[in-house]
Amino acid sequence: MPTPKVQILVCTNERPPDASKPSCGPRGGADLYRRFKDRIRELGIRDEVIVTRTGCLKHCSHGIVVGVWPYNLWYAGVTRDDVEEILETTVLGDGAAVERLRMPADAPWE
């Protein structure tokens, strides 16, 4: 079995509509996860990149939250339209950051 070089974490956590804080699931977390999976397959890099659905990544107000390892990059407010840029810049670009999506340095854990 191949060993992936990059892991993309996509929050798909679902909270009830009346919860005290938002969550990534209702914002389209599962759809975003599928978009990453589809593009990775289309690009032919499935042996190098693994995409993982996660529960809460503790930045609920900034969702949809995406983490990219081993680069320790955290992205906020990610949409389907951002997938290509993250793959080109970060995954295929050896860890370069998409600055406009970076989680604010002072974002509190929620």
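**Chatting through helix α1 and its surroundings**

Q: I'm new to this predicted model. Which residues of α1 are buried?

A: In α1, the buried ones are G29, L32, Y33, F36, R39 and I40.

Q: And where do those sit, seen down the axis of α1?

A: They fall within an arc of 135°, so they line one face of the helix. In general, an α-helix has 3.6 residues a turn, so residues three or four places apart point the same way.

Q: What do the buried residues of α1 pack against?

A: Three strands and a helix: β1 (6-11), β2 (49-54), β3 (66-69) and α2 (83-91).

Q: What span should α1 have, and how far apart are its ends?

A: With 15 residues (29-43) at 1.5 Å a residue, α1 should span 21 Å, and its end C-alpha atoms are 21 Å apart, so the two agree.

Q: What comes just after α1?

A: That's G44, which takes a positive phi of about 75°.

Q: Switching topic, where is I50, and what does it touch?

A: I50 is in strand β2. Leaving aside neighbours within four places in sequence, I50 is in contact with P4, V6, Q7 and I8.

Q: How does I50 count for exposure?

A: I50 is partly exposed, as its relative accessible area is 38%, and buried would mean under 20%.

Q: How many aromatic pairs are there in the whole structure?

A: A search turns up one. The rings of W69 and W74 have centres 6.2 Å apart and planes at 90°, so they pair edge-to-face.

Q: What about the accessibility of W69?

A: W69 has 33% relative accessibility, so W69 counts as partly exposed.

Technical notes
Residues numbered from 1 in each chain as written. Predicted model: local features only at pLDDT ≥ 70, side-chain atom pairs only at ≥ 80, totals over all residues. Heavy atoms only, no water. Phe/Tyr/Trp six-rings, centres within 6.5 Å; stacked < 30°, edge-to-face > 60°. Buried < 20%, exposed > 50% of the residue type's maximum accessible area, 1.4 Å probe, protein only. Helix = DSSP H or I, 4+ residues; strand = E, 2+ residues; numbered from the N terminus. Expected span 1.5 Å × (residues − 1). Arc of directions from axis to C-beta. Contact = heavy atoms within 4.5 Å.
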